[in-house]
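Q: Please take a close look at the aromatic rings of this structure, at how they pair with one another and at where charged side chains sit over them. A short account of the chain that carries them would help to place them.

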Amino acid sequence: MFTLSQEKPGDWWEVEALYDLCFAPGRTLLSSYRLRDDVPPVPELCRVARDENGILGGAIRYWPVRIGPWRALLLGPVAVHPTAQGEGLAAALIRDTLERARQMEWGRVILVGDLPYYGRFGFFRLEGVEMPPPTNPARILGHDLVPGAWEGVTGTVERNA
């Protein structure tokens, strides 16, 4: 049994260690990390999942970005400790934070990921939206928190500096 809560400042390094465990070495060299450089995450959407003993089982973070004049949330990373994978924890973190983002009146979410996985949460392939290279355009996905929020949105995703 896991409990979801907002990430606290003291959780930062433990969450970073989880990301290091779950992702390939050099993860911070990915182009999506350039959108996070010197930009604080959205604290209300940075969530952790801990078991009854307080052990970190999963984490998710969101970052503000811009596509021209449009604001969006960049979802990621989301990670689940290998010992807790397959229990629906990532899905719980994603659903929880998408609902929180909607309540905070964000309109749209973007991520780089696999459509077969993220499609079940309402994500779809974005056309005309470019992430910094090198990013496979087929992996650029969006989610409407407000119906039609991605309609007419085109351009390059940039840091929200």
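A: In this predicted model, the protein chain holds 4 helices and 9 strands, and these follow one another along the sequence in the pattern β-α-α-β-β-β-α-β-α-β-β-β-β. The radius of gyration of the protein chain is 15 Å, close to the 15 Å that the globule rule gives for 161 residues, and the chain is therefore as compact as a globular protein of that length. The C-alpha trace spans about 45 × 30 × 30 Å along its principal axes. Among the contacts between residues at least 6 apart in sequence, 69% join residues at least 24 apart. Of the 161 residues, 46% count as buried, while the accessible surface of the chain comes to about 8,300 Å², with 55% of that area belonging to carbon and sulfur atoms.

Turning to the rings themselves, if two rings are taken to pair when their centres lie within 6.5 Å, the count comes to 5 aromatic pairs. One of these joins Tyr-19 and Phe-23, whose ring centres are 6.2 Å apart and whose planes meet at 45 degrees, so the pair is tilted; that angle is neither under 30 degrees, as a stacked pair would require, nor over 60, as an edge-to-face pair would. As for the surroundings of this pair, Tyr-19 is buried, with a relative accessible area of 0%, whereas Phe-23, at 32% relative accessibility, counts as partly exposed.

The pair formed by Tyr-118 and Phe-123 has its ring centres 5.9 Å apart and its planes at 75 degrees, and it is classed as edge-to-face because an angle over 60 degrees meets that cut-off. Here both partners, Tyr-118 and Phe-123, are buried. These two residues also belong to a cluster, in which ring pairs link Tyr-117, Tyr-118, Phe-121 and Phe-123.

Beside the pairs of rings, there are places where a charged side chain lies over a ring. Arg-36 lies over the face of Tyr-33, at a distance of 4.4 Å from the ring centre. In another such arrangement, the charged end of Arg-108 sits over the ring of Trp-150, 5.8 Å from the centre of that ring, and this distance falls within the 6 Å allowed for a charge over a ring.

Note on methods:
Residues numbered from 1 in each chain as written. Predicted model: local features only at pLDDT ≥ 70, side-chain atom pairs only at ≥ 80, totals over all residues. Heavy atoms only, no water. Phe/Tyr/Trp six-rings, centres within 6.5 Å; stacked < 30°, edge-to-face > 60°. Buried < 20%, exposed > 50% of the residue type's maximum accessible area, 1.4 Å probe, protein only. Lys NZ or Arg CZ within 6 Å of the ring centre and 35° of its normal. Helix = DSSP H or I, 4+ residues; strand = E, 2+ residues; numbered from the N terminus. Rg over C-alpha atoms; globule rule 2.2 N^0.38 Å. Contact = heavy atoms within 4.5 Å. Areas by Shrake-Rupley, 256 points an atom, 1.4 Å probe, with all protein chains shown as cover.
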